[in-house]
Amino acid sequence: MKVVLFCGGYGLRMRNGTSDDVPKPMAMVGPRPLIWHVMRYYAYHGHTEFILCLGYGAHHIKDFFLNYEETTSNDFVLRDGRTELLSTDIASWTITFVQTGIESPIGERLRRVRHHLDGDEMFLANYADVLTDAPLPEMIDRFAARDAGASMLVVPPQSSFHCVDLGDDGLVGGITAVSELPLWENGGYFVLRQEVFDHIPENGDLVADGCAELAKRGRLVAYQHRGFWKPTDTVKERAALDDAYTRGDRPWALWERDGALAGAAGGARRPGAGA
């Protein structure tokens, strides 16, 4: 299935300064940017056709792939001055780069790459800035079996704050962690059918317009995930993921697991073995 990645936003909360024009998906986690980790997740599950919805800072993303250094994340042999790779990351990937506008909402970005989907009944979409270990094959299979227009990954609230039950007399009746409330957040991993385009107006939004209208019609389903899921909306969150990578704590990096686990993930192919 094709994978549409939205990677053209400003990412203002990730900026290091006014002169920093690097888009959020290019923020580094270990030796590679966020977008690479997201793409490796999909490639691990056998989905290697990517459509990048570019916008702000597009040249950073283009330059990264046009000048891609396989030796950064792959073992190799240097023989007679020539590099012989023992494995590869992106050799079998197909990546389509599409400028979808600097100010375009996500729904409009999706509209502008529709012709690159070749009319495929189903496709995948992602914000390109969230890492997870969610079981993608199961997400897809459940959605494929349903008569629905879209599916979104949902996760428990990530806030560390507490909600206060306050009475009219000003007395607190109870305190509950936000994460313990019966609420779910949009996790940013979508499985979509062409039907979603019927509900996204010009300059519309994927969630507020497309998914909201499908929900009203009873045609939006959710996949609940309580496993690993981490956003990178702020510099602090990105730094936490980078620290975790350095410690070797990388639950999202399914491609680093052994062959037995790869087989358990729905017959997924590991990079270097056709992924």
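Student: Which residues does Thr100 touch, not counting residues up to four places away in sequence?
Tutor: In this predicted model, Thr100 is found in the loop between strand E7 (94-99) and H3. Thr100 is buried, because its relative accessible area is 0%. Leaving aside residues up to four places away in sequence, Thr100 touches Cys53, Leu54, Arg109, Arg112 and Val113.

Student: What is the length of the polar contact that joins the side chains of Thr100 and Arg109?
Tutor: Arg109 is among the residues that Thr100 touches. The two side chains are joined by a polar contact, and its length is 2.8 Å.

Student: How many helices and strands does the protein chain have?
Tutor: Of the 275 residues of the protein chain, 45% count as buried. Among contacts with a separation of 6 or more, 74% come from residues 24 or more positions apart. The elements of the chain number 7 helices and 15 strands.

Student: How many of the residues of helix H1 are buried?
Tutor: Helix H1 spans residues 34-44 and is mostly covered. Its buried residues include Trp36, His37, Arg40 and Tyr44. Just after H1, Gly46 takes a positive phi of about 90°. The count of buried residues in H1 is 11 of 11.

Student: With which residue does Arg40 form a salt bridge?
Tutor: The closest N and O atoms of the pair are 2.8 Å apart. Arg40 lies in helix H1 and its partner in the loop between strand E6 (82-85) and E7, so the pair ties together parts that are 49 residues apart in sequence. Arg40 is buried, and its partner is buried as well. That partner is Asp89.

Student: Why do the buried residues of helix H5 lie on the same side of H5?
Tutor: In H5, residues 206-216, the buried residues are Leu206, Gly210, Cys211 and Leu214. They lie on the same side of H5 because the arc they cover around the axis is only 80°.

Student: Which exposed residues does the face of H5 turned away from its buried side carry?
Tutor: The buried residues of H5 pack against several elements, including strand E1 (2-7), helix H3 (106-112) and strand E14 (220-224). The face turned away from that buried side carries the exposed residues Ala208 and Lys216.

Student: Which residue caps the N-terminal end of H5?
Tutor: At the N-terminal end of H5, a side-chain oxygen of the capping residue lies 3.0 Å from the backbone nitrogen of Val207. H5 is followed by Gly218, whose phi is positive, near 70°. The residue that caps the N-terminal end is Asp205.

Student: By about how many helical turns are Glu108 and Arg111 separated?
Tutor: Glu108 forms a salt bridge with Arg111, with the closest N and O atoms 2.9 Å apart. Glu108 is buried, at a relative accessible area of 6%, whereas Arg111 counts as partly exposed at 32%. Because the two are 3 residues apart in helix H3, their separation is about one helical turn.

Student: Is His115 buried or exposed?
Tutor: His115 lies in the loop between H3 and strand E8 (122-126). The side chains of His115 and His116 are joined by a polar contact of 3.1 Å. The relative accessibility of His115 is 56%, and the cut-off for this class is over 50%. His115 therefore counts as exposed.

Student: Which residues form the nonpolar patch on the surface?
Tutor: Strand E11 (162-166) and strand E12 (172-177) each supply at least two residues of the patch. One of the patch residues lies in strand E11 and is exposed, with a relative accessible area of 55%. Together the patch residues have about 390 Å² of accessible area. They are Val164, Leu166, Val172 and Ile175.

Student: How far apart are the closest N and O atoms of the salt bridge between Glu256 and Arg250?
Tutor: Glu256 counts as partly exposed at 43% relative accessibility. Arg250 also counts as partly exposed, at 25%. In their salt bridge, the distance between the closest N and O atoms is 3.2 Å.

Student: How many salt bridges does the structure hold?
Tutor: The salt bridges include the pair of Glu256 and Arg250. Lys2, Asp118 and Asp120 are joined into one network by salt bridges that share partners. The number of salt bridges in the structure is 17.

Notes. Residues are numbered from 1 along each chain as its sequence is written. Side-chain values use heavy atoms; hydrogens and water are left out. Helices (H or I, at least four residues) and strands (E, at least two) are DSSP runs, numbered from the N terminus. Buried means under 20% relative accessible area, exposed over 50%, partly exposed in between (1.4 Å probe, protein chains only). Contact means heavy atoms within 4.5 Å. The arc is that of the directions from the helix axis to the C-beta atoms. A polar contact is a pair of N or O atoms within 3.5 Å; within protein, one must be able to donate a hydrogen and the other to accept it, and residues adjacent in sequence count only if both atoms are side-chain atoms. Patches are made of residues with over 30% relative accessible area and no salt bridge: like charges are joined within 9 Å, nonpolar side chains (Val, Leu, Ile, Met, Phe, Trp, Tyr) within 5 Å. Accessible areas come from the Shrake-Rupley method with a 1.4 Å probe; for residues, only the protein chains shown count as cover. A salt bridge is a side-chain nitrogen of Lys or Arg within 4 Å of a carboxyl oxygen of Asp or Glu.
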